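Student: I have the sequence and the model open on my bench computer. Please walk me through them with some questions and answers.

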Amino acid sequence: EAEQNPIPAGPHHWPPAMQEVLLSFGPATYRLHLDTEQPAALFHTQVYLATGVHPKRQKVIGFKGPGGPIAPLLPDGDLTKMGIHDGMKLSLTMLPVGQEIEPTQTSPHPVDRIGKKIMVMGQRVDAIERIVSFHGEVVEVMQKLHKLALYLAEDGMKLMLSVDELNGDENIRMARKGLVKSMNHILDRLEKLKTELNVPSLQNESS
């Protein structure tokens, strides 16, 4: 049984809330450290680093949340309510394009649905920045995060188009203005990350 950790361990890297879980994907098993105090986006990013499966195409099951062990981890899932413990066994399936798992929806209104997607995208950018702060010296990690930042920037532009298509009364126009501001901030952060994570640039700086 192959067990891999995509991020090098270090005594100062793992906070008290970190639990070691075993994630199976195909014939391989990956030993990952899951921080229950962080958004699910951080764990999805760790899974991407281990397996190469884009976060939005991940279906991870095995948790002990409200939906039971067969319920997938949602993009905005609350890890404190999943019964996570050391040695927990999880399973990953790669979803087909177009069948991605949506964030929790508390309202069917387009403004709320798009707003939740923007929140999750912001958390995914947070996750990249957090991993870079701990492991910015690991070239392989930076290469994978650079690719992820490119994917997220593309997704962000599509999401911005959805925001631009929102029409309605004054309240909706005001909400759209706020969503545009949030998306512009996220896209600006992604542009910065795309530059920082460019491995040739990192190598030039170290030479």
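Student: Which residues does Lys 89 touch, not counting residues up to four places away in sequence?

Tutor: Start with its place: Lys 89 is in strand E5 (residues 88-94), where strands (E, at least two residues) and helices (H or I, at least four) are DSSP runs numbered from the N terminus. Contact here means heavy atoms within 4.5 Å. Leaving out residues up to four places away in sequence, Lys 89 touches Leu 22 and Gly 62.

Student: What kind of model is this, and from which number are residues counted?

Tutor: This is a predicted model, so to speak of local features we need pLDDT of at least 70, while side-chain atom pairs count only at pLDDT 80 or more, and totals for chains, interfaces and linings use all residues. Side-chain values use heavy atoms, with hydrogens and water left out, and residues are numbered, along each chain as its sequence is written, from 1.

Student: Is Lys 89 buried or exposed?

Tutor: The cut-offs are under 20% relative accessible area for buried, over 50% for exposed, and partly exposed in between (1.4 Å probe, protein chains only). Lys 89 has a relative accessible area of 66%. Because of that value, Lys 89 is exposed.

Student: How far is Lys 89 from Glu 20 in space, C-alpha to C-alpha?

Tutor: In sequence, these two residues are 69 residues apart. In space, the C-alpha to C-alpha distance between Lys 89 and Glu 20 is 9.6 Å.

Student: Is Tyr 30 buried or exposed?

Tutor: Tyr 30 belongs to strand E3 (residues 28-35). Its C-alpha is 10.0 Å from that of Ser 91, although the two are 61 residues apart in sequence. With 9% relative accessibility, Tyr 30 counts as buried.

Student: Let's turn to the whole chain: what pattern does it follow along the sequence?

Tutor: The protein chain has 5 helices and 5 strands. Among contacts between residues at least 6 apart in sequence, 68% join residues at least 24 apart. Read along the sequence, the pattern is β-β-β-α-β-β-α-α-α-α.

Student: Which helix gives the most residues to the largest nonpolar core?

Tutor: A nonpolar core is a set of buried Ala, Val, Leu, Ile, Met, Phe, Trp, Tyr and Cys residues joined through side-chain atoms within 4.5 Å. This core has 32 residues, and Ile 118, Ile 128, Leu 145, Met 183, Leu 190 and Leu 197 touch the most other members. Two or more residues come from each of helix H1 (40-51), helix H2 (110-135), helix H3 (139-164) and helix H4 (170-196). The top giver, with 10 residues, is H3.

Student: How many residues are in the second, separate core?

Tutor: Back in the largest core, Met 183 touches Ile 118, Met 121, Gly 156, Leu 159 and Met 160, not counting residues up to four places away in sequence. The second core is separate and includes Leu 32, Leu 34, Ala 50 and Leu 90; its number of residues is 20.

Student: Which side chains make polar contacts with the side chain of Arg 189?

Tutor: Arg 189 is in helix H4 and is buried, with a relative accessible area of 17%. A polar contact is a pair of N or O atoms within 3.5 Å; within protein, one must be able to donate a hydrogen and the other to accept it, and residues adjacent in sequence count only if both atoms are side-chain atoms. The side chain of Arg 189 makes such contacts at 2.5 Å and at 2.7 Å. The partners, in that order, are the side chains of Asp 126 and Glu 129.

Student: Which backbone oxygen does the side chain of His 146 reach?

Tutor: His 146 is in helix H3 and counts as buried at 19% relative accessibility. Beyond residues up to four places away in sequence, His 146 touches Lys 194, Leu 197 and Asn 198. At 3.2 Å, its side chain reaches the backbone oxygen of Lys 194.
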